[in-house]
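Colleague: Before I rely on the wording used for this model, I would like to hear the reasons behind some of its terms.

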Amino acid sequence: SMRSDKVIYWVVLSLAILSCDAVIPDAVIDLFSSFNTDLSAPTLSVFASTALYGPRLHFHNPAPAVDGSNPMPIILPPDDNALLCNEPSSNATSSLSDSILLIPKGGCTYKRKVYHAELLGAQHAIIHATLASEYNSLVENPLSQSDTTYPIRRVDYECENGKSYIPETQLKFDIFPYDPANDDLLSGRDNNLCAIYHNLKPSNEKRFENTCQSQRCVFTGNKTYVFKDNVFWWESCCAWDLYSVMGDNGLDKSEVNISSSFLTMEEGDKVLQLLKDGSVTAIVFARWYPPVNFSSVLVSLIAILTIWIASRVSTLEYNNVRMKLEAVDISEDENAGDSENPPVDNVAIDNNGRNEIEDASSNAADVANNAVVEEQPNSTNDEHQRDATSENFLSNAEESSERSRDGVLDEIHEREEENAPLQVAAPPQNNNVAPLGMDRNFDEEIVQEREIDFLRDRL
């Protein structure tokens, strides 16, 4: 059964690994700029992650183009609905037919943005991350910094990857909860204030551009007032810029019938830069990935090895104690088996044994009485003589039995004190009495044999 359980475990694990998709990003967007006359090769290709709702992208088959080859134009949302969190008006629906809508992250769920893009007539929706999407407001119309909720450490940013303090006079706080004018001041390599102030600090051995992969910073909400400068200095840390799996939380019941994808801040900025230079068309298709996720296989093997080693190490002490206990149990079982059939010489006699010996002595007297052979008298004198002889014999037999019992008990006491083997003493012989018609030694031997046999059986 244990072997079958292992086989089932490995089969299930193998099926789970084989059914896993490759790690995100799992889509490719080929971009074609208007100034690029060669349509055989894209101007730029970026990776993207896809949503868990809506239709799946075609594998290596450009989509959502109807004929599978024609790129579709990328268009931004209306200015009055830049985040596309509000449902479009009836007049605006189907105004962006056969297009790809590029939507900033934030303000509402991914699914609602995609649903509104579908209402506008888009065939595909691309959502890109922004620094502004890391901030939220506690009220509908925030008026100050106190209404702002800041990014979460180790979720949205990591100070160990880069941290600096920036004077408030060099930042923009005209719009709350976050002013998009700070994007250019907190991003990139050249004019990034985070990198400049981080590299000025002598204690920072590594430069900001070498430690912060995203090359972007967010405010943590902590600020320090410096009396010398009469200004607040804002703490800024390296922002995470990762692909996101656009899942469905179940709260939005909107039914989505178009595909959608997600871009990081870095990839989104590349697309926005192309749009600034002119019109851009794109083809979106599923990225090729291996049928087996080798990274998942490696992680699973490492996990199994770790669990096996931990189990072995944690049970070493238990196994040692168990082996010792088993050895003790075997020894006790052997001793118990020997005690069931102990040698006569090594047995200690208790009170019950003494009672049995006394019973044996009494039985010996009965044996002696039964051993008397009675003869038919020929005369009255013979009867008197026979009666006297019988009484004399019985008296001597009882006296002999009494002495035999006392002798055995005395020896028992001596053996118990000395802890020596028990030797059963034979009853003393009486040379003066002999039953009629019987040999004296014969009767005494019968008594001794019966008594000794009885004692041996009991002991």
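**Terms and their grounds**

Modeller: Let me begin with one pair: tyrosine 225 has phenylalanine 232 in S10 as its bridge partner. The model is predicted, so local features need pLDDT of at least 70 and side-chain atom pairs count only at pLDDT 80 or more, whereas totals for chains, interfaces and linings use all residues. Residues are numbered from 1 along each chain as its sequence is written, and side-chain values use heavy atoms, without hydrogens and water.

Colleague: What makes S9 and S10 paired strands?

Modeller: Pairing requires that DSSP find at least two bridges between two strands (strands being DSSP runs of E with at least two residues). Seven bridges join S9 to S10, so the definition is met, and the two run antiparallel.

Colleague: Why do strand S8 and strand S9 stand at the edges?

Modeller: The open sheet of three strands has the order S8-S10-S9. Strand S8 (157–167) and strand S9 (217–226) each have a single partner strand, so one side of each is left without a neighbour in the sheet. S8 pairs with strand S10 (residues 231–239) over seven bridges in the antiparallel sense, and tyrosine 165 stands opposite glutamate 235 in S10.

Colleague: Why is valine 313 called exposed?

Modeller: Its relative accessible area is 54%, and exposed means over 50% (buried is under 20%, partly exposed in between, with a 1.4 Å probe and protein chains only). Valine 313 is therefore exposed, and this residue is found in helix H6 (residues 294–340).

Methods
Helices (H or I, at least four residues) and strands (E, at least two) are DSSP runs, numbered from the N terminus.
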